[in-house]
Amino acid sequence: MKIVDAQVIVTSPGRNFVTLKITTDEGFTGLGDATLNGRELAVVSYLRDHVVPLLIGLDPHRIEDTWQTLYRGAYWRRGPVTMAAIAAVDVALWDIKAKVCGQPLYQLLGGASRERVRTYGHANGRDIPELLDSVRARLAEGYKSVRVQTGIPGLETVYGVHSGTAIAETVDGQRIDARVRPVVEDWDTGAYLRHLPKVLEAVRHEFGPDLPLLHDAHHRLTPQQAARLGKTIEPYDLFWLEDCTPAEDQQGLRLVRQHTTVPLAIGEVFNTVFDYQTLIDERLIDYVRSAVTHFGGVTPMHKLLTYAAGRQIKSAIHGPEDISPVGMAAAIHLDLAIHNFGIQEYSGHTALTNEVFRHSYVFDDGYLHPGSAPGLGVELDEELAAAHPYQQAYLPMNRLHDGTLHDW
Ligand code: GCO
Ligand code: MG
């Protein structure tokens, strides 16, 4: 079998998604998610200009060799743009292979290790009462585990509790991309460290000790601050504290680990196993958080999770809304198959996104299942995708009161 075509499709049914569609001479097609939030078109160019020409004529069954060709063959390695592009190819080839076998992808990854995939959802509130309402809403949707984020007194807009990505405005049907600028949020670490324990106390008081609670610090603390926070919030029994420090500082986690038993999750900005080496070898984290789509695909994620399993570290594949249903499907197949599964982040997508990307995976009573369709189980409606073209968009940024740029 040969690859005869590879198209990069950009669509914005509410937010931007980049999809690679590979077609073979026998009529099989495979999809891969190449979305990199806020830097989408860099991946589009990487694929169209540098990767697609190399794919034409290759045997789609040679997934490992194609992966190595794209990773080692470029000489320049790693980085989010490169690894998002390679991931899209890898996932599309797995989709094709599984379709050729007539099996859902998880069957090729060893088959199901569980009946269903547990998830956590996001609860956000500008203040504590609003957060409690949001937790109630997630529980009513079926979620059994909830990530809690709130506003902080004295700060206008904070991660998790804002209007989100800045998107191009439309005036009289014309997009005015040039005016798009990142939303700037504000930050005060002291206020956060004082406020978060009160938030967790209120949530525990309202919902009792059994509800698994998660919290994302989004890279904002120094190791010393994270160590102090970990100690303070131990009584509230978090399922995990996520990205407590800037993730690329692997050694920083040693200090955090020495001072607190709060479980730690890290890795959504990582692209390769090398970003995890110290963290896994020294057991400095409990959950690996990479997205299949930013980590080079199913092939390296499977290797990473096997490596992590040797240190009793579990999976927690990144699954916010900026991972398309194609990327979500890849994650859910892996979740079902691997032994050291931890939890799957799942925010769902808008109805329109689910129309553009029709998928076999289902969310039911707080659990996901990939379904039984061959391959990933996702079909792209290209006409509907084309009706919702790319919109320039940026992730927010974050500044202290004096104007200093802080980690977002
Ligand atoms: C998460 C993440 C996201 C990221 C987003 C950036 O834990 O889900 O932190 O909310 O901020 O994916 O594009
Ligand atoms: Mg996060």
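Two residues are in contact if their C-beta atoms, placed from the backbone, lie within 7 Å. The model described here is predicted.

Helix 5 and helix 6 meet on these terms. On the helix 5 side, the contact residues are Ile128, Leu131, Leu132 and Val135. Helix 6 contributes Val199, Ala202, Val203, Glu206 and Phe207. Eight residues of this contact are nonpolar and one is charged. No polar residue takes part. Helix 5 spans residues 128-141, and helix 6 spans residues 189-207. Their axes come within 10 Å and cross at roughly 45 degrees. Helix 5 and helix 6 are therefore oblique to each other. Their crossing is right-handed.

A second helix pair involves helix 1 (residues 40-55) and helix 3 (residues 80-101). The axes lie 9 Å apart, and the packing angle is about 50 degrees. An angle of this kind falls outside the ranges for roughly parallel, roughly antiparallel and roughly perpendicular, so helix 1 and helix 3 are oblique to each other. Helix 1 passes helix 3 in a right-handed crossing. From helix 1, the contact draws on Ala42, Val43, Tyr46, Leu47, Val51 and Leu55. From helix 3, Val81, Thr82, Ala84, Ala85, Ala88 and Val89 take part. By class, eleven of the residues in this contact are nonpolar and one is polar. None is charged.

Ligand 1 has a shell of Asn37, Asp216, His218, Glu268, Pro320, Asp322, Glu345 and Leu395. Four of these residues are charged, two are polar and two are nonpolar. One member of the shell, His218, also has an unusual entry in its backbone angles: phi is positive, about 50 degrees, although the residue is not a glycine. Histidine 218 sits in the loop between strand 10 (213-216) and helix 7 (223-233). Histidine 218 counts as partly exposed because 19 C-beta neighbours lie inside 10 Å, and a buried residue needs 20 or more.

Aspartate 243 also has a positive phi, near 40 degrees, and is not a glycine. This residue is in the loop that runs from strand 11 (240-242) to helix 8 (252-259). With 23 C-beta neighbours inside 10 Å, aspartate 243 is counted as buried.

Threonine 245 is placed in the loop between strand 11 and helix 8. This threonine is buried, with 24 other C-beta atoms within 10 Å. Neighbours within four places in sequence aside, threonine 245 contacts His219, Leu221, Thr222, Pro223, Ala226, Gly252, Leu253 and Val256. Isoleucine 266 is 21 residues away from threonine 245 in sequence. The C-alpha atoms of threonine 245 and isoleucine 266 are 8.9 Å apart.

Tyrosine 307 belongs to helix 10 (residues 298-309). This tyrosine counts as partly exposed, because 16 C-beta neighbours lie inside 10 Å. Beyond residues up to four places away in sequence, tyrosine 307 touches Val273 and Ile280. Tyrosine 307 and valine 273 are 34 residues apart along the chain. Their C-alpha atoms are separated by 9.0 Å.

Note on methods:
Residues numbered from 1 in each chain as written. Chains lettered and ligands numbered in written order. Predicted model: local features only at pLDDT ≥ 70, side-chain atom pairs only at ≥ 80, totals over all residues. Helix = DSSP H or I, 4+ residues; strand = E, 2+ residues; numbered from the N terminus. Buried ≥ 20, exposed ≤ 12 C-beta atoms within 10 Å, placed from the backbone. Axes fitted to C-alpha atoms, helices over the stretch in contact; angles between N-to-C directions. Parallel < 35°, antiparallel > 145°, perpendicular 65-115°, else oblique. Left-handed = near helix turned anticlockwise from the far one by under 90°. Nonpolar A, V, L, I, M, F, W, Y, C, P; charged D, E, K, R; others polar. Near = placed C-beta within 6 Å.
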